[in-house]
Amino acid sequence: MLKGKDIVSIKDFSEKEIFEIFEVAKEMVQYAKGKGTDILKGKILATLFFEPSTRTRFSFETAMLRLGGGVLSFSDPKSTSLSKGETLADTIRMMDSYADVIVIRHSYEGAARLASKFADHPVINAGDGAGQHPTQTLLDLFTIHNNFGTLKNLKIGLLGDLKYGRTVHSLAIALSNFGSKLYLISPKSLEMPDHIMREIQEKQKPIVTNNIFDVIGELDVLYVTRIQKERFPDATEYMKIAGSYRVDLALLEKAKRELIIMHPLPRVDEIAPEVDNTPHAKYFEQAFNGVPIRMAILSMVLGVR
Ligand code: NCD
């Protein structure tokens, strides 16, 4: 059903498709944990990461290798012909002739959409600037669903850099469609951009606050993000708000027992390491879920599932 499809925005998926991906991902867990399979034998994934990445790139590559496929990638974009002045369009055209599926991360919003116009094979957006990060959202939703058995009627707080954070842009849109109540918690200067706000407000009126202490006791899920330092036009603006929020044991004293804490990672200082040993911490489980979810996506866009 996803065969041949590009995955550029979370809006590319219906609710039904999201649950179908979860079903395939559940079957993939056993292979993700090391058993492996060869359903994508002979297929090649190209990972084109023009911005830094650890989890997203390695979990896509792990997913492809566990499915029996092969991977083409570079670890430093300076080593490619882009540094000689080749356009992104030409690079994509070439990679499209070598690989069966392309995963791209780029600092320009809209880069993945552009790439999809130049490639016949499926293009998957692994983050386009401050735009979208749809596969992260799928693994985030999968993690929430695994913990609560539902995506409806939960109270979900998104804490941190809601302005530049692409993970929270995609996630907020998805969650508002599922009917969970959103709490948008950020420093004043990092509030959710208007165009995402408008999409959320078509479905609900989210709670907006600058103080996590005011709402922590109500939440089922607290999704924390780091301040996206690299997207600040001015370093002094970053310095003004660096370290302005932190999840620690003192904050969690006010939380519900069932609260789960998520984070797309990498974290800088916004979750104290002492939180890792509490039952609230789900961010490493969440990072693992990137593998079965991306195995599901790869096998589905390549038409073997
Ligand atoms: C995020 C990203 O790249 O948007 N990381 C990830 O994919 N897990 C979050 C971030 O960099 O803060």
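In this predicted model, the largest pocket lies between two domains, because both give residues to its lining. These are domain 1 (10-132 + 289-301) and domain 2 (134-287). The space in the largest pocket comes to about 380 Å³. Its lining holds 21 residues. Nearest the centre of the largest pocket are Arg105, Arg166, Arg226, Leu265 and Pro266. Two elements, helix 2 (55-66) and helix 6 (166-178), give two or more residues to this lining. By type, the lining of the largest pocket consists of 10 polar, seven charged and four nonpolar residues.

The second largest pocket has a volume of about 180 Å³. Domain 1 and domain 2 both contribute to its lining, so the second largest pocket lies between them. Here the lining has 14 residues. Ser9, Glu109, Asp128, Gly131 and Gln132 lie nearest the centre of the second largest pocket. Strand 4 (123-128) and helix 7 (194-201) each supply at least two of the lining residues. Helix 7 gives the most, with three. The lining of the second largest pocket divides into six polar, five charged and three nonpolar residues.

The largest nonpolar core contains 58 residues. Within this core, the residues that touch the most other members are Ile21, Ile124, Leu141, Leu158, Met192, Ile293 and Leu298. Helix 11 (residues 283-301) provides the largest share, eight residues. Both domains take part: domain 1 and domain 2 each give the core at least three residues.

Helix 5 covers residues 134-148. Its 15 residues should span 21 Å at 1.5 Å a residue, counting one less than the number of residues. The end C-alpha atoms of helix 5 are 21 Å apart, which agrees with that expectation. Of the 15 residues, 12 are buried, so helix 5 is largely enclosed by the rest of the structure. Buried here means under 20% relative accessible area. The buried residues of helix 5 are Pro134, Thr135, Gln136, Thr137, Leu138, Leu139, Asp140, Leu141, Phe142, Thr143, Ile144 and His145. One of them, Leu141, is also among the core residues that touch the most other members. Glycine 149 follows helix 5. The phi of this glycine is positive, near 75°.

Conventions
Residues numbered from 1 in each chain as written. Predicted model: local features only at pLDDT ≥ 70, side-chain atom pairs only at ≥ 80, totals over all residues. Heavy atoms only, no water. 1 Å grid on protein atoms, 1.4 Å probe; cavity = no way out; pocket = protein on both sides within 12 Å on 5 of 7 lines; lining within 4 Å. Points joined across faces, edges and corners; volume = space filled by probe spheres on them. Helix = DSSP H or I, 4+ residues; strand = E, 2+ residues; numbered from the N terminus. Nonpolar A, V, L, I, M, F, W, Y, C, P; charged D, E, K, R; others polar. Domains from an automatic or database assignment. Buried < 20%, exposed > 50% of the residue type's maximum accessible area, 1.4 Å probe, protein only. Core = buried A, V, L, I, M, F, W, Y, C linked by side-chain atoms within 4.5 Å.
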